[in-house]
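Colleague: Please teach me how to read the way in which helices pack against each other.

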Amino acid sequence: MGAVGFVLLIASANVASLLLARAATREKELAIRAALGAGRGRLMRQLLLESLPLAAFASLAGWMLAGWGLNLILALSPDDLLPGEAGVRLDARVMLFALALTLLTTLLCGLLPALRFSQGRINESLKDGGRLSTTDAGSQRMRSALVVLEVALSVILLAGAGLLIKSFFRLQQAELGFKKESLLTVDLLLSHKKYSQARQIEAFFNRALEQLKALPASRRQRL
């Protein structure tokens, strides 16, 4: 979840930087709209509404990829990895959470370019004539800050991924506390209707272990 959160922040910073650069090229247009009577709130709503189709397309693509990816993982997984009653699927609550997160990131990414256009900036744009202000110091500083944020989050994400892989290899080489040679493992899938509570499952395995221990040593070796 932490890795997914970092990826979301990196993507949000990247999209916000692109929207900021796009809005800078339209500064003259926005200044003219403001001169004709459009308030700052109306300009902000316009920029936010323009970012909604991008968010809707991204959400649809993400949901489709999530469904295909889940089906692919289930198809490539061993048959005995999950019980038949597991019912692995995309949950409606997860979809609603993703939708809410999409709306939040759309608001933040679209709001950043809108906040760049105060009344003072509009007046300066009108005085500048036909010159574009893509090189204005404020926009450059904001885009540079977003780039720095992306790089910092990427380094943290890569460091976390490296530590996770290192921990995985160490776990594979860790001592188990018992000899694993000549051992037999058995998977038991109990009926959910008959063993619906944890104490019932625990009692079943305790009885099974007691019966195995009661067997003669020679017979246990054959088993």
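Colleague: Is the crossing of H2 and H3 left-handed or right-handed?

Modeller: A crossing is left-handed if the near helix is turned anticlockwise from the far one by less than a right angle, and right-handed if clockwise. Here H2 and H3 cross in the right-handed sense. This is a predicted model, in which local features need pLDDT of at least 70, side-chain atom pairs count only at pLDDT 80 or more, and totals for chains, interfaces and linings use all residues. Residues are numbered from 1 along each chain as its sequence is written, and side-chain values use heavy atoms, without hydrogens and water.

Colleague: At what angle do helix H2 and helix H3 pack?

Modeller: Helix H2 covers residues 27-35 and helix H3 residues 40-76 (helices are DSSP runs of H or I, at least four residues, numbered from the N terminus). Their angle is about 140° and their axes lie 10 Å apart, which means that H2 is oblique to H3.

Colleague: Which residues of H2 and H3 make the contact?

Modeller: H2 contributes Glu-29, Leu-30, Arg-33 and Ala-34, while H3 contributes Leu-43, Gln-46 and Leu-47; contact means heavy atoms within 4.5 Å.

Colleague: How do the residues of this contact divide into nonpolar, polar and charged?

Modeller: The contact of H2 with H3 has four nonpolar residues, one polar and two charged.

Conventions:
Axes are lines fitted to C-alpha atoms, for helices over the stretch in contact, and angles run from 0 to 180 degrees between N-to-C directions. Helices (H or I, at least four residues) and strands (E, at least two) are DSSP runs, numbered from the N terminus. Angles under 35 degrees count as roughly parallel, over 145 as roughly antiparallel, 65 to 115 as roughly perpendicular and the rest as oblique. Ala, Val, Leu, Ile, Met, Phe, Trp, Tyr, Cys and Pro count as nonpolar, Asp, Glu, Lys and Arg as charged, and the others, Gly among them, as polar.
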